[in-house]
Amino acid sequence: MSVSQRPSSATPPILEVRGLVAGYEESLPIVRGIDLDVSPGEIVAVLGPNGAGKSTFVKAVAGVVPTFGGRVSLRGRDVTARPAHLRVSDGLAFVPQTENIFASLTILENLRLCAGILPAALRQPRIDAAFAMFPDLGSRPNLVAGALSGGQRQMLATARALIVDPAVLILDEPSAGLSPKLVHDVFETLERVRETGVAILLVEQNVRAALSIADRGVVLAEGRLRHAAPAAELRADPNLGALFLGSYDHAEATP
Ligand SMILES: Nc1ncnc2c1ncn2[C@@H]1O[C@H](COP(=O)(O)OP(=O)(O)OP(=O)(O)O)[C@@H](O)[C@H]1O
């Protein structure tokens with residue numbers, strides 16, 4: 001059973017997912033009928049135990065995992081049949097958990113590669129905007145990306161995704177392997193991105209940190225959306241630990 005979660009605000013959703021069924025083999029779908037709306041400027045944390053299907057869900061939304069049923073719409077337009085690279089042009093950017101930068105290229109080269117899909121006149125202004133948002137990167141554009149810290153690499157990965165000026169930014173565990181200080185830095189960056197009106201869908205194992213910046217949290221279990229609530233409500237929920245244990249029973253299946 002899936003739970004449809006619509007934003008409480010009157011802002012129309014920029015991303016609409018309906019009845020999404022997806023995975024690696026059609027006979028064995030991992031994502032089994034998920035509905036979700038995300039509004040501009042909203043951060044939605046996708047939570048749940050290991051193997052719940054969180055990564056598969058966001059990858060299917062990004063178009064990098066096959067969809068077997070349901071629909072993904074961006075700005076009211078059905079993009080379900082669009083391959084991943086065209087969804088990027090449509091305004092949907094995805095930051096994978098790993099291999100999200102080219103370590104042997106410089107910071108600037110990493111950004112230039114992404115800017116390559118833009119009209120020539122937009123490329124430098126977008127790179128300048130990225131450097132303005134990430135001064136740590138802008139201060140040393142010719143540094144080889146492999147020399148960056150884990151948190152700085154995540155920032156570069158995020159900067160790369162933002163080059164196309166997306167409406168929706170999807171991140172798969174941006175805090176994985178980072179120290180608490182770097183987690184803080186990365187999440188602070190995401191808050192600044194949100195302030196520009198970008199909608200953010202965030203898969204996180206780091207539940208408390210994710211809920212500290214998210215507007216809403218959705219809990220997946222066994223490929224289904226089991227619970228959805230404002231982040232503040234989830235933060236205050238004494239059952240929060242059960243999110244990781246797969247036994248989250250709080251008012252499941254109630255919208
Ligand atoms: N490339 C793949 N091919 C086949 N099955 C996969 C693949 N990637 C993931 N799976 C399977 O899909 C299921 C869900 O995995 P997924 O990574 O989406 O879960 P998750 O909730 O993100 O887990 P975690 O929190 O551990 O990262 C698991 O059973 C996993 O084995």
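This is a short walk through one predicted protein model with a ligand.

Okay, hi everyone. Since this is a predicted model, let's begin with how confident the predictor is. The mean pLDDT of the protein is 88, and 91% of its residues reach 70 or more. For the model scores, we have an ipTM of 0.97 and a pTM of 0.89. Where is confidence highest, and where is it lowest? Strand S1, residues 15–22, takes the top spot with a mean of 98, while helix H10, residues 242–245, sits at the bottom with 63.

Keep an eye on the two ends as well. Over residues 1–8 the pLDDT is below 50, and that stretch has 25 contacts in the model beyond near neighbours in sequence. Residues 251–255 also stay under 50, and there the model has 8 contacts beyond four places in sequence.

Now, the overall layout. The domain assignment splits the protein into domain 1, which is 1–91 + 166–255, and domain 2, which is 101–163. So if you trace the chain, domain 1 comes in two pieces, with domain 2 falling between them in the numbering. The C-alpha centres of the two domains are 25 Å apart. Where they touch, domain 1 puts in 12 residues and domain 2 puts in 10 residues. On the domain 1 side, helix H7, residues 180–195, supplies the largest share, with 6 residues. What kinds of residues are on that side of domain 1? By class, there are 7 nonpolar, 3 polar and 2 charged.

Let's go inside. In soluble globular proteins, nonpolar side chains tend to be buried together. Here, the largest nonpolar core has 73 residues, and the ones touching the most other members are Val46, Val168, Leu169, Ile170, Leu201 and Leu202. Helix H6, residues 150–162, gives the most to this core, with 6 residues. Both domain 1 and domain 2 give residues to the core, so it lies between them.

Zoom in on Val46 for a second. Leaving out residues up to four places away in sequence, Val46 touches Lys54, Phe57, Val58, Leu201, Leu202, Val203, Val218 and Leu220. Lys54 is a handy link to the next topic, as it is also one of the residues around the ligand.

So, the ligand. Around it you'll find Tyr24, Ile30, Gly48, Asn50, Gly51, Ala52, Gly53, Lys54, Ser55, Thr56 and Gln205. That shell divides into 3 nonpolar, 7 polar and 1 charged.

Last bit: a few single residues to click on. Most residues other than glycine have a negative phi. Asp165 goes the other way, with a positive phi of about 60°. You'll find Asp165 in the loop between H6 and strand S7 (168–172), and it counts as partly exposed because it has 15 C-beta neighbours inside 10 Å.

Glu222 also has a positive phi, near 50°. This one is in the loop between strand S9 (216–221) and strand S10 (224–230). Is Glu222 buried or partly exposed? With 13 C-beta neighbours inside 10 Å, Glu222 counts as partly exposed.

And finally Gly33, in strand S2, residues 31–38. Gly33 is partly exposed, with 17 other C-beta atoms within 10 Å. Gly33 and Val21 are 12 residues apart in sequence, yet their C-alpha atoms are 5.0 Å apart in space.

That's my tour, thanks!

Notes. Residues numbered from 1 in each chain as written. Predicted model: local features only at pLDDT ≥ 70, side-chain atom pairs only at ≥ 80, totals over all residues. Contact = placed C-beta atoms within 7 Å. Helix = DSSP H or I, 4+ residues; strand = E, 2+ residues; numbered from the N terminus. Nonpolar A, V, L, I, M, F, W, Y, C, P; charged D, E, K, R; others polar. Near = placed C-beta within 6 Å. Core = buried A, V, L, I, M, F, W, Y, C linked by C-beta atoms within 7 Å. Buried ≥ 20, exposed ≤ 12 C-beta atoms within 10 Å, placed from the backbone. pLDDT = per-residue confidence, 0-100.
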